[in-house]
Each structure stands twice: as C-alpha cells, then as structure tokens.
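Trainee: I would like to go through the terms used for this model and see what each one rests on. Can we take them one at a time?

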Amino acid sequence: MDPKQYAPHERLSLDELQRDPYPLYARARQTAGLTFVPELDAWLVARDADVREVLLRPDDFSSAQALRPDVMPTAAVLGVLARGFGKRPTVVSTDGAAHRRHRAPINGRLSAGRVAALTPYAAEVATGLVDGFAADGHTELMSSYARRLPGAVIGRLIGFAPEDVPVAVHGGHRAEQLLFRPLPEEEQIAAAEDVVALQHLLDRYARARRAEPRDDLCSAMVAALAPDTGLGPGTRELTPDQRGELVSNLQNFLIAGHLTTTALIGTALFHLLRHRDQWELLCARPELIPGAVEEAARYDTAVQGFRRTTTRPVILAGTELPAGATVFVAYGSANRDEARHEDADVFDITRPPTPTRHVSFGRGTHGCPGSQLARTQLRLTLELLTRRLPGLRLRKDHEVVMRPTMIHRSPEELHLTW
C-alpha cells in the first residue's frame with residue numbers, strides 16, 4: 001500500500017510537530033480513514049474510538065516497535081553504547097506471555113497498598129522541595145520541583161541510595177534525548193556516555209540485590225526475571241544475558257516512572273496558571289483537585305502516544321493496512337476528540353473526575369501500571385501549592401516552550417513568581 005494515496009497533511013518539521021501536534025490531530029480526526037504522517041513514519045490513529053480499538057487488539061497491533069527511536073544513532077554513538085548493555089525487550093516492547101512476565105514484578109510493586117505506603121514519603125519530599133524556594137518569590141519549577149519529586153519517588157521505589165538518584169535521573173533524561181531528539185554528534189556521544197554510566201549503575205544494583213535481596217523493585221525484578229536456581233538465595237551470579245535483561249527493564253521503568261510524572265506536573269501547572277480562573281477556582285475549592293488531576297492528564301497528555309505494528313492485514317477506520325504497517329496511537333488526539341469529550345479543547349477542571357473518560361495512561365494489557373502513583377504525586381503537588389502559594393503566576397518575561405518530544409510532553413522550563 002502506498003501511503004501517498006491517502007490524505008496528505010501540511011508538512012511540518014519533526015520539531016514543529018512535536019512542539020504542537022494538536023492542529024495535526026484535529027485535521028486527522030476530520031479526515032476519512034487514517035492519515036499517513038511522514039514525520040512519524042506511521043499512520044496516525046487520531047480518533048478516540050480507533051485508539052481504543054487498537055489498544056484492545058494487542059494480537060493484531062504488536063508493541064514490539066513501541067519505542068523505535070525517532071533518531072538513529074551514528075556509528076560513533078553506537079561505539080560508545082557498546083560499552084554498556086545492549087537493548088533487550090521490556091514491558092513496553094513485548095506482547096503476550098513475555099509482556100506478562102516483565103509486567104508481573106512491576107504490578108506487584110505498584111499495587112494500591114504499595115502506592116499508599118509510599119505516599120507519606122512523596123509528601124515529605126514535596127514539602128521539602130517547596131520549602132527550598134517558597135521564600136524566594138520565584139522559581140523555575142521544572143528544575144526545582146517537577147523533575148526532583150518523581151526522581152526521588154521512583155528512586156525510593158527501585159531501591160536506590162539517595163546519592164545515586166541524581167545520576168540515575170540524569171541518565172534517564174539523556175537516554176530520552178538520545179533516542180528522540182536530533183542532537184549534534186558530539187552531544188549524542190556525551191549523552192551516550194551518560195546512558196552507559198546509568199546502565200552500569202543499574203547493573204551494580206541488580207548484582208547487589210541478587211546477593212542480598214531487599215524489599216524494593218530491583219529485588220523483585222531480579223527474583224522474577226532471573227530466579228536463583230542455585231543451592232540457596234544469593235549463591236549464583238547473574239549471567240550476562242540476565243544482567244542485560246535486568247538493566248534494560250530497570251532503565252525502562254526508571255525513565256517511564258519519573259519522566260512521565262515530571263511532564264504531568266509541568267503541563268498541569270502550566271495550564272492551570274495559563275487559565276487563571278481555573279487556578280483561582282482550585283485554590284478556593286480544593287475538593288476539585290481530583291478532577292484537576294484528570295483534566296490535566298486529558299488536556300495535554302504527557303505520553304502523546306506509542307507506535308504499534310500490525311501483525312496481519314487489518315482494516316482500521318476504513319483504511320487497509322498490510323502486515324508490518326506502523327501506526328502511531330495518539331493518546332493526545334483521542335483526548336481532544338469531540339465525539340467523546342464535550343468542548344474538548346477547553347481546559348475545565350470541573351469535568352467529572354472519571355479516569356475512563358480519557359486514555360492518557362493507555363488501556364488494555366499495556367495500560368500504565370504506574371498511573372496511580374503519577375496521579376498521587378500530582379495530587380500532592382496541587383494540594384501543597386494551592387495551600388502554600390495561592391498567588392502563583394507565570395512570569396511574563398519568560399515564554400513557555402514545550403519540549404519537542406512525543407514521549408514526555410512538558411514545558412522546557414516553567415518560570416513562576418508569587
């Protein structure tokens with residue numbers, strides 16, 4: 001099938017598309033069938049009903065290429081990455097039994113009870129971060145808070161020592177840049193060095209937890225993905241294959257666990273403060289915070305979407321797709337679909353806080369297992385900031401620019417004053 005025969009769209013640079021994909025989404029929802037988007041090298045699944053259909057048909061739409069890079073590394077970068085651990089399948093990029101195997105230890109550590117037990121720690125960290133800038137009268141929220149809270153929480157969940165959290169968070173950020181942002185080669189090489197350093201840190205943790213298991217996610221992953229069949233606990237070293245699989249899965253969880261929540265916090269505060277009446281309403285009526293959490297997730301979705309690959313010829317939205325076709329399942333577009341959301345382009349925190357109204361955290365077998373933890377951190381943030389800093393405002397002398405990525409959409413910087 002020749003994608004050119006289907007409705008073309010106004011060509012954009014990848015950077016332009018990533019910074020504001022919503023106009024393209026709107027056109028695609030009004031176009032019969034699917035729209036092929038060369039910048040994504042994929043068919044765009046834009047309507048809510050079609051997005052939900054793909055997510056509930058994992059046998060027909062495989063996740064194997066869900067995290068295919070937007071930017072292919074150069075030979076020099078690949079040489080640096082060879083000093084780390086090769087890419088292995090993870091919970092995001094597997095189907096069927098392999099997916100269930102990778103997901104089981106994550107589900108166990110992100111149960112409602114575990115999230116509830118972690119919440120006091122998250123609240124303590126959040127309070128300490130706000131204490132650090134509350135007296136200053138201004139802050140750049142992404143660096144002073146939005147990146148630090150999720151990093152600390154995911155570090156505690158995995159089992160990092162506090163001194164290793166900044167290195168791990170930085171490495172996760174650099175991995176995203178390397179895969180999804182065009183960078184000069186020297187910057188690609190520097191990012192690859194940081195990724196390799198992260199991978200060796202994760203490997204040290206995996207091997208340490210094999211020797212001495214603890215009550216953390218790292219130990220749970222080791223037990224699930226590399227069960228010890230020796231004479232007793234901790235008596236057999238991990239094999240190179242086991243180490244590679246564990247590093248890939250820990251790296252994937254680290255990135256998904258903190259960057260998505262960072263993006264959710266950043267976009268939520270941006271839109272609440274940009275729509276001043278909504279911020280003031282939230283300060284006056286804190287009982288609306290659960291609804292604000294869901295509306296923030298819907299209105300400007302942190303994870304804009306994932307790729308899926310057809311496993312056989314299928315028809316979707318009237319478009320015939322052969323086996324091996326790539327589709328981009330646009331959560332962000334589905335969440336602005338007027339067919340499901342009345343006044344979909346309006347940011348309104350008074351909408352009923354029903355999580356099933358949007359697909360920000362996916363659906364079906366690949367629904368985000370950490371969605372409740374992400375919601376909890378945003379809820380804590382809104383409770384804290386509306387109470388402590390109700391006069392919070394966007395600084396007029398700093399334009400808010402969105403980070404150019406479809407994976408973790410958030411402001412590059414968010415300069416605030418009060």
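**Terms and their cut-offs**

Trainee: Why is Gln177 called buried?

Mentor: Gln177 has a relative accessible area of 18%. Buried means under 20%, exposed means over 50%, and partly exposed is in between (1.4 Å probe, protein chains only). The 18% of Gln177 is on the buried side of that limit. The model is predicted: local features need pLDDT of at least 70, side-chain atom pairs count only at pLDDT 80 or more, and totals for chains, interfaces and linings use all residues. Residues are numbered from 1 along each chain as its sequence is written, and side-chain values use heavy atoms, with hydrogens and water left out.

Trainee: Where is Gln177 found, and how far is it from Ala192 in space?

Mentor: Gln177 belongs to helix H9; helices (H or I, at least four residues) and strands (E, at least two) are DSSP runs, numbered from the N terminus. Its C-alpha is 9.6 Å from that of Ala192, and the two are 15 residues apart in sequence.

Trainee: What makes H9 and H10 oblique to each other?

Mentor: The axes of H9 (residues 165-180) and H10 (residues 185-211) cross at roughly 135° and come within 8 Å. Axes are lines fitted to C-alpha atoms, for helices over the stretch in contact, and angles run from 0 to 180 degrees between N-to-C directions. Under 35 degrees counts as roughly parallel, over 145 as roughly antiparallel, 65 to 115 as roughly perpendicular, and the rest as oblique. Roughly 135° falls in none of the named ranges, therefore H9 and H10 are oblique.

Trainee: Which residues of H9 and H10 make the contact, and how do they divide?

Mentor: Among them are Val167, Ala168 and Leu178 of H9 and Glu187, Val195 and Leu201 of H10; contact means heavy atoms within 4.5 Å. The contact residues divide into ten nonpolar, four polar and three charged. Ala, Val, Leu, Ile, Met, Phe, Trp, Tyr, Cys and Pro count as nonpolar, Asp, Glu, Lys and Arg as charged, and the others, Gly among them, as polar.

Trainee: What makes the pair Asp60 and Arg312 a salt bridge?

Mentor: A salt bridge is a side-chain nitrogen of Lys or Arg within 4 Å of a carboxyl oxygen of Asp or Glu. For Asp60 and Arg312 the N to O distance is 2.8 Å, which meets that limit. Asp60 lies in the loop between H3 (48-55) and E3 (61-62), and Arg312 in the loop between E5 (305-310) and E6 (314-316), so the pair ties together parts 252 residues apart in sequence.

Trainee: Are Asp60 and Arg312 buried or partly exposed?

Mentor: Asp60, at 13%, is buried, while Arg312, at 38%, counts as partly exposed.

Trainee: How do you know that Arg207 and Asp203 are separated by about one helical turn?

Mentor: They are four residues apart in helix H10. Their side chains meet in a salt bridge at 2.9 Å, N to O. Arg207 is partly exposed at 39%, and Asp203 is buried at 2%. Elsewhere, salt bridges that share partners join Glu53, Arg57, Asp60 and Arg312 into one network.

Trainee: How many salt bridges does the structure hold?

Mentor: It holds 30. Another of these pairs is Arg47 with Asp50, at 3.1 Å, N to O, and both residues are buried.

Trainee: Why is Ser248 called buried?

Mentor: Its relative accessible area is 11%, so Ser248 counts as buried. Ser248 is placed in helix H12 (residues 240-274).
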